[in-house]
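Take a look at the protein shown below. We will walk through it step by step, beginning with an open space and moving on to the parts packed around it.

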Amino acid sequence: MSQRRTSPAVPALITVATVGVAAGAAYLARTRQRDLKGAVVSRVLERPAGRSSYQELAHSLETSGTHLTGRAARAADTHANRETLAHIIGIERWGQHRLGAALGRHPDLTAPYHTHRPPQDTALPQLQALITSTRAASVDLARQLHTRPPNDDQTIPHNSLGDLTAKAWLRYLTHHADLESRKLRGPTPQKGDMNPTETQPSATKL
């Protein structure tokens, strides 16, 4: 009695079906990711920014800039802190470059942000100064947009977040720097340093 052979078509069908399911799952995952990203962009950036004027966005940049420069000033001179500061500066300069499109300029809207980062060997004091001057330039840009506002429906591409309005870009720069600057760490207390609370006289009980 001859053995029953498995049809050579079966593995091929299984393979095609498996690939089809995997491709479908990947497509659904990408679609859901895009939908989620779109919802976040709308809720966190576009809608709040759309309710603000350029003057209010400039004020927000200026106010948050005070906290930003304060964190930078307190940062220890470590590689991680220098990398964080260079990243914040690079992204903010990159955003300023892109926002030039809203003022009638013609910036490269495909280039990554890396060309706007300070050089790798930039010292901490220079980075701290650049944080201040870069944020001042963002505030000035927001005020220019108040004077020469673009159309509300004009968008400028962000490499990760998609097309953003000029107002959403300004809000993005504010929040990006705020979140990233929270990673900065101050000097580690040396062993034997007196706790500031220990220098205070103890309360006298009456």
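How much space lies in the largest pocket? The answer is about 150 Å³. Keep in mind that this is a predicted model.

Now look at the walls. The lining of the largest pocket is made of 11 residues. Nearest the centre lie Val44, Leu45, Tyr172, His175 and Leu179. Two helices each supply at least two residues of this lining: helix H1, residues 9-50, and helix H5, residues 166-181. Sorted by class, 7 lining residues are nonpolar, 2 are polar and 2 are charged.

Step back to see the whole chain. The protein has 5 helices and 2 strands. Read along the sequence, they follow the pattern α-α-α-α-β-β-α. The protein has 206 residues, and 33% of them count as buried.

Next come the aromatic rings. A pair of aromatic rings is described by two things, the distance of the centres and the angle of the planes. How many aromatic pairs does a search of the whole structure find? It finds 2. One of them joins tryptophan 94 and tryptophan 169, with ring centres 5.4 Å apart. Their planes meet at 70°, and an angle over 60 degrees counts as edge-to-face, so this pair is edge-to-face. Tryptophan 94 sits in helix H3, residues 79-99, while tryptophan 169 sits in helix H5. The pair therefore ties together parts that are 75 residues apart in sequence.

Are these two residues buried or exposed? Tryptophan 94 has a relative accessible area of 4%, so it is buried. Tryptophan 169 is at 0%, so it counts as buried too.

Another pair is formed by tryptophan 169 and tyrosine 172. Here the ring centres are 5.8 Å apart and the planes stand at 90°, so this pair is also edge-to-face. Both residues lie in helix H5. They are 3 residues apart, about one turn of the helix. Both are buried. Put the ring pairs together, and Trp94, Trp169 and Tyr172 are linked into a cluster. Recall that Tyr172 is also among the residues nearest the centre of the largest pocket.

Which residues touch the most other members of the largest nonpolar core? They are Leu99, Leu145, Trp169, Leu170 and Tyr172, and the core holds 25 residues. The elements that give two or more residues to this core are H1, helix H2 (54-74), H3, helix H4 (124-147) and H5. H5 gives the most, with 6 residues.

Two further spots bring distant parts of the sequence into view. Glycine 95 lies in helix H3. Its relative accessible area is 0%, so glycine 95 is buried. Its C-alpha is 8.2 Å from that of leucine 170, although the two residues are 75 residues apart in sequence. Leucine 170 appeared above as a member of the largest nonpolar core.

Alanine 137 lies in helix H4. With a relative accessible area of 32%, alanine 137 is partly exposed. Its C-alpha atom and that of glutamate 92 are separated by 9.3 Å. Along the chain, these two residues are 45 residues apart.

One last contact involves a ring and a lysine. Where does lysine 167 lie? It lies over the face of tyrosine 54, at 5.2 Å from the ring centre.

Definitions and conventions: Residues are numbered from 1 along each chain as its sequence is written. This is a predicted model: local features need pLDDT of at least 70, side-chain atom pairs count only at pLDDT 80 or more; totals for chains, interfaces and linings use all residues. Side-chain values use heavy atoms; hydrogens and water are left out. On a 1 Å grid over the protein atoms alone, a cavity is a set of points where a 1.4 Å probe fits but cannot get out, and a pocket is an open set with protein on both sides within 12 Å along at least five of seven lines; lining residues have an atom within 4 Å of a point. Grid points are joined across faces, edges and corners, and a volume is the space filled by probe spheres set on the points. Helices (H or I, at least four residues) and strands (E, at least two) are DSSP runs, numbered from the N terminus. Ala, Val, Leu, Ile, Met, Phe, Trp, Tyr, Cys and Pro count as nonpolar, Asp, Glu, Lys and Arg as charged, and the others, Gly among them, as polar. Rings of Phe, Tyr and Trp (its six-membered ring) pair if their centres lie within 6.5 Å; planes under 30 degrees apart count as stacked, over 60 as edge-to-face and the rest as tilted. Buried means under 20% relative accessible area, exposed over 50%, partly exposed in between (1.4 Å probe, protein chains only). A charge sits over a ring if NZ of Lys or CZ of Arg is within 6 Å of the ring centre and within 35 degrees of the ring normal. A nonpolar core is a set of buried Ala, Val, Leu, Ile, Met, Phe, Trp, Tyr and Cys residues joined through side-chain atoms within 4.5 Å.
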